[in-house]
Amino acid sequence: MAITQRWCDKYQYGVAQRHVLTYMEDAVCQLLENREDISQYGIARFFTEYFTSVCQGTHILFREFSFIQATPHNRASFLRAFWRCFRTVGKNGDLLTMKEYHCLLQLLCPDFPLELTQKAARIVLMDDAMDCLMSFSDFLFAFQIQFYYSEFLDSVATIYQDLLSGKNPNTVIVPTSFSGQHRQRPALGEAGMLEGVEASLFYQCLENLCDRHKYSCPPPALVKEVLSNVQRLTFYGFLVALSKHHGINQALGALPDKGDLMHDPAMDEELERLLVQVPGLVNSVTATPEASCLPSRIPPRVGSPWRPLHHSRKVDAESEGSTEETDESET
């Protein structure tokens, strides 16, 4: 009897840890919404394809934000999809603004909240204006930390602010699940930005916090490693250290190391296969003698399907006017 109970407890823990019920509920909802189409090829095939896509990480594409942030696996899958879809931005050396990165995120998730993108950009830009340009790698690793550990970082910000003001951080109310509600991060004063808090005391508070955040915090040993290298640090200094930590990136497992960020042999092979299937596309680019004789202008960006907005049109951007591009500088 005791053995059976232990087995049941272990089974229930595994189901909860892997969020199986979340995917079952989503699959059933999709089944009911599309039952007429699904009836043509069978329910068994539908469930097979659904859970295959979950395993492959493609199930989060073009889904609502409440779904892509519902489980750790969904978050990791979204990070991987964003990297694979837009790594050509980094490959071409393009520098984009926060708003432009947000547009890319919305291509994969139409209702992705601007607030999360702004928080990720703040990790990179620190005191710089939010319309400054960022490299793809800098934004991606900052976004990874902010998106995957969102609830944890909101609580860290509250603890940090309490330490600055002399309050007891143990009174902080901590979210314990992927609720989808992102709290407003407390404003950090200039004094806090410059002076920071004592690293050892900060770690003691975060150690207790990690015990309560079973699925959404960095490994405590790696957090300790980050904080053991300094005596004092600021909140954004802590976030920068997390985003650049090799071990935390490996523990999360969604992105390759920074040195391999622009390499994705599997995706490159798939793109080449698709390009070959487009009649005349490859030949028109490689087989035309005139193409090799054309004078080169500013470095060509063949791999990028679009161009960044002209940042000189600051008035239009600030007034949230038209997103149309004008190319007076090129004519």
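**Exercise 1. Describe helix α10: its length, its surroundings and the residue that follows it.**

Solution. Step 1: Helix α10 has 16 residues and reaches 23 Å from its first C-alpha to its last, close to the 22 Å expected at 1.5 Å a residue. The expected span is 1.5 Å times one less than the number of residues. Helices here are DSSP runs of H or I with at least four residues, strands are runs of E with at least two, and both are numbered from the N terminus.

Step 2: Of the 16 residues of α10, 13 are buried, so the helix is largely enclosed by the rest of the structure. Buried means under 20% relative accessible area, exposed means over 50%, and partly exposed lies in between (1.4 Å probe, protein chains only).

Step 3: G166 follows α10 and has a positive phi, near 85°.

The structure is a predicted model, in which local features need pLDDT of at least 70 and side-chain atom pairs count only at pLDDT 80 or more, whereas totals for chains, interfaces and linings use all residues. Residues are numbered from 1 along each chain as its sequence is written, and side-chain values use heavy atoms, with hydrogens and water left out.

**Exercise 2. State how confident the predictor is, and identify two stretches where the pLDDT is below 50.**

Solution. Step 1: The mean pLDDT of the protein is 78, and 69% of its residues reach 70 or more. The pLDDT is the predictor's confidence in each residue, from 0 to 100.

Step 2: Over residues 7-16 the pLDDT is below 50, and this stretch has three contacts in the model beyond near neighbours in sequence. A contact means heavy atoms within 4.5 Å.

Step 3: Residues 284-331 also have a pLDDT below 50; beyond near neighbours in sequence, that stretch has 34 contacts in the model.

**Exercise 3. Characterise helix α8 and what covers it.**

Solution. Step 1: Helix α8 (residues 114-125) has 12 residues and reaches 16 Å from its first C-alpha to its last, close to the 16 Å expected.

Step 2: Its buried residues are L116, T117, K119, A120, A121, I123 and L125.

Step 3: The cover over these buried residues includes α5 (65-68), α7 (98-108), α9 (136-148), α10 (150-165) and α14 (235-244).

Step 4: After α8 comes M126, whose phi is positive, near 55°.

**Exercise 4. Describe the largest nonpolar core and the contacts of F238.**

Solution. Step 1: The largest nonpolar core has 75 residues. Such a core is a set of buried Ala, Val, Leu, Ile, Met, Phe, Trp, Tyr and Cys residues joined through side-chain atoms within 4.5 Å.

Step 2: The residues with the most contacts inside this core are F78, F82, F112, F202 and F238. Helix α9 gives the most to the core, with nine residues.

Step 3: Leaving aside neighbours within four places in sequence, F238 is in contact with V156, F202, L206, V223, V226, L227 and L233.

Step 4: In soluble globular proteins, nonpolar side chains tend to be buried together.

**Exercise 5. Is F62 buried or exposed, and what is the sign of its phi?**

Solution. Step 1: F62 is in the loop between α4 and α5.

Step 2: F62 is exposed, with a relative accessible area of 57%.

Step 3: The phi of F62 is positive, near 65°, in a residue other than glycine. Most residues other than glycine have a negative phi.

Step 4: Leaving aside neighbours within four places in sequence, F62 is in contact with L107, L108 and P110. The C-alpha atoms of F62 and F78 are separated by 10.0 Å, and these residues are 16 residues apart along the chain.

**Exercise 6. Place S53, D26 and E225 in their helices and classify the accessibility of each.**

Solution. Step 1: S53 is in helix α4 (residues 43-56) and is buried, with a relative accessible area of 15%. The side chain of S53 reaches the backbone oxygen of Y50 at 2.5 Å.

Step 2: D26 is in helix α2 (residues 20-33) and counts as buried at 10% relative accessibility. Leaving aside neighbours within four places in sequence, D26 is in contact with Y50, R63 and F67.

Step 3: E225 lies in helix α13 (residues 220-227) and is partly exposed, with a relative accessible area of 39%. The side chain of E225 makes a polar contact with the side chain of H245 (3.1 Å). A polar contact is a pair of N or O atoms within 3.5 Å; within protein, one must be able to donate a hydrogen and the other to accept it, and residues adjacent in sequence count only if both atoms are side-chain atoms.
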